[in-house]
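The following exercises are to be worked with the sequence and the coordinates at hand. Each task is followed by a solution that proceeds step by step.

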Amino acid sequence: MTNILFVHIEEFSAEDFDQDKSKVNNNESESEENEEVFAFFTQKLQVRKVIHTTTPVEYPETSPNGVATIYNITGWKNHMDAFSDIQYSTNGAGGSANIKEGPFFGGISVKKDTRKCQGIKYCQFSNPEIINQEHCSVNFDSETFQNYTKQQNNNSKEAKTYSLFLAAKESSCPFKKDNNVSCDGKARLGKIANYQQTETTKYFIGCDKYKQNEKWHRFINIKPEETNISLLQQLFSGTASIQELSQCSMIIPRSCKRKKCDMPHTDNGAVVRGEIIERSCSVQFIKIIPHDITKCPFVALICIGVHNHPPPPPERTPSGIKNNLQILIEQAINQDDTTTSRSILSGNLIKAYFNKEILAEIHVSLNNIDKLRYLVGKAYKILHPFGQGVMGVYHYVSNKDSDLIDYVHKIEICIIKHLM
Ligand SMILES: [Zn+2]
Ligand SMILES: [Zn+2]
Ligand SMILES: [Zn+2]
């Protein structure tokens with residue numbers, strides 16, 4: 001028999017115990033453990049602050065003396081997510097070198113890739129105070145960052161309405177008169193009541209010099225789901241209040257190809273589009289990747305310098321979220337072949353899978369419905385590489401392994417006839 005003696009039992013207060021526990025938990029998960037020692041990454045490259053993480057970081061910290069972020073990539077699909085999930089544009093000027101014995105990773109051979117931060121792009125009407133905001137780390141609760149989230153929210157219907165209006169104003173009418181002179185008609189908003197015998201009213205942007213039976217005047221289709229019609233009306237009639245938009249908060253990543261700002265601005269009373277200006281930055285991103293990543297499942301990012309610009313908005317959707325979303329979409333399509341980005345948004349899928357009400361709560365970058373549309377399109381391509389149309393079926397039945405081969409001869413014959 002065993003005797004259990006309850007003697008000399010030390011008493012702990014519950015709070016102490018909880019604190020200890022939280023510390024242990026932190027160290028196990030995405031902890032940020034700072035070490036106050038010099039860490040050598042090459043013989044010359046040493047940094048004082050080292051941050052450990054098990055997940056990608058969107059805004060890695062930097063400092064004039066350098067900050068190293070060490071990623072434990074165990075279990076990751078792709079170790080390069082450590083770098084591709086970063087919201088800064090990290091592919092500026094630079095170069096790479098191989099180091100035979102990387103000191104930090106125990107003397108194994110590593111690749112060292114040094115690039116400059118590519119900064120941001122901003123609108124000519126941007127508030128200089130915002131543009132000149134230097135930073136080393138991002139405070140997600142800060143006003144600047146909160147503004148980004150709002151700005152991204154605007155990025156949908158309203159912004160698209162402004163872009164549509166400004167693009168229409170800049171467009172010229174393709175109609176040519178009998179003497180081959182181009183039509184100088186201006187854009188104007190038009191509508192067709194009872195469009196195609198339905199109760200709906202269809203809006204379009206036409207030409208103010210259009211006469212009946214003349215073809216090929218300007219005709220720009222208006223997508224009702226992307227357009228705020230009453231705002232568009234106000235913009236065309238010049239009654240929209242654009243004073244509040246005289247200053248811009250548009251900050252865009254360097255990778256963005258946009259040449260002009262999406263928001264309209266007033267310049268001497270006229271509505272204009274702002275030019276996009278580039279700002280370069282001298283922060284260095286040094287990526288250290290072991291050549292044998294299975295042997296040493298760590299990569300490092302060292303950031304040196306101070307960003308001379310506000311953080312770029314969170315436009316990139318982190319790969320982990322993208323992968324999960326992709327799985328979700330593929331499942332949805334497998335269950336229902338008519339799945340669209342819209343049906344995903346209106347259904348309970350997001351709630352069931354991520355336990356979030358809206359996509360933007362999963363990641364701000366998903367506010368843009370085009371991203372979801374892209375992912376849905378990609379999922380269809382993976383599931384039906386030859387499309388869902390007749391060619392897709394044709395490919396499917398002509399595959400010997402398909403059970404359908406005996407059943408769908410008609411389609412095959414039709415296609416052959418069509419091709420001849
Ligand atoms: Zn015209
Ligand atoms: Zn602007
Ligand atoms: Zn920068």
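**Exercise 1: Strand pairing in the sheet**

Strand 14 (residues 284-290) and strand 15 run antiparallel and are joined by five bridges. The model under study is a predicted one.

Task: Determine in what order the six strands of the open sheet are arranged, and which strands form the edges.

Solution.

Step 1. The order of the open sheet is 3-4-15-14-6-5, and its pairing is mixed.

Step 2. Strand 3 (49-53) and strand 5 (94-102) are the edge strands, since each pairs on one side only.

Step 3. Ignoring direction, neighbouring strands of this sheet are turned against each other by 20° on average.

**Exercise 2: The surroundings of strand 15**

Task: State which residues stand opposite Phe298, Ile302 and Cys303 of strand 15, and how many residues of strand 15 are buried.

Solution.

Step 1. Strand 4 (residues 67-72) pairs with strand 15 (residues 298-304) in the antiparallel sense, over six bridges.

Step 2. Within strand 15, Phe298 lies opposite Asn72, and Ile302 is the bridge partner of Ala68.

Step 3. On the pairing with strand 14, Cys303 of strand 15 has Phe285 opposite.

Step 4. Five of the seven residues of strand 15 are buried, so that this strand is mostly covered; the cut-off for buried is under 20% relative accessible area.

**Exercise 3: The contact of helix 5 with helix 6**

Task: Describe how helix 5 and helix 6 cross, and which residues meet.

Solution.

Step 1. Helix 5 comprises residues 157-170 and helix 6 residues 229-237; their axes come within 10 Å and cross at roughly 35°.

Step 2. The crossing of helix 5 past helix 6 is right-handed.

Step 3. From helix 5, the residues in contact are Glu158, Thr161, Tyr162, Leu164, Phe165 and Ala168, which meet Leu231, Leu232, Leu235 and Phe236 of helix 6.

Step 4. Sorted by class, the contact of helix 5 with helix 6 holds eight nonpolar residues, one polar and one charged.

**Exercise 4: Salt bridges**

Task: State how many salt bridges a search of the whole structure finds. For the pairs Lys49 with Glu61, Arg115 with Asp113, and Glu170 with Lys260, give the N and O distance.

Solution.

Step 1. The search of the whole structure yields four salt bridges. The criterion applied is a side-chain nitrogen of Lys or Arg within 4 Å of a carboxyl oxygen of Asp or Glu.

Step 2. One of them joins the side chains of Lys49 and Glu61, at 2.8 Å from N to O. Lys49 belongs to strand 3 and Glu61 to the loop between strand 3 and strand 4, and the pair, 12 residues apart, links distant parts of the chain. Lys49 is partly exposed at 26% relative accessible area, and Glu61 is likewise partly exposed at 23%.

Step 3. Arg115 and Asp113 form another salt bridge, with 3.4 Å between the closest N and O atoms. Arg115 is partly exposed, its relative accessible area being 24%, whereas Asp113 counts as buried at 9%.

Step 4. In the salt bridge of Glu170 with Lys260, the closest N and O atoms are 4.0 Å apart. Because Glu170 lies in helix 5 and Lys260 in strand 12 (residues 260-267), this pair ties together parts 90 residues apart in sequence. Lys260 is partly exposed, with a relative accessible area of 28%.

Conventions:
Residues are numbered from 1 along each chain as its sequence is written. Chains are lettered from A and ligands numbered from 1 in the order in which they are written. This is a predicted model: local features need pLDDT of at least 70, side-chain atom pairs count only at pLDDT 80 or more; totals for chains, interfaces and linings use all residues. Side-chain values use heavy atoms; hydrogens and water are left out. Axes are lines fitted to C-alpha atoms, for helices over the stretch in contact, and angles run from 0 to 180 degrees between N-to-C directions. Helices (H or I, at least four residues) and strands (E, at least two) are DSSP runs, numbered from the N terminus. A crossing is left-handed if the near helix is turned anticlockwise from the far one by less than a right angle, and right-handed if clockwise. Contact means heavy atoms within 4.5 Å. Ala, Val, Leu, Ile, Met, Phe, Trp, Tyr, Cys and Pro count as nonpolar, Asp, Glu, Lys and Arg as charged, and the others, Gly among them, as polar. Two strands pair if DSSP finds at least two bridges between them. Buried means under 20% relative accessible area, exposed over 50%, partly exposed in between (1.4 Å probe, protein chains only).
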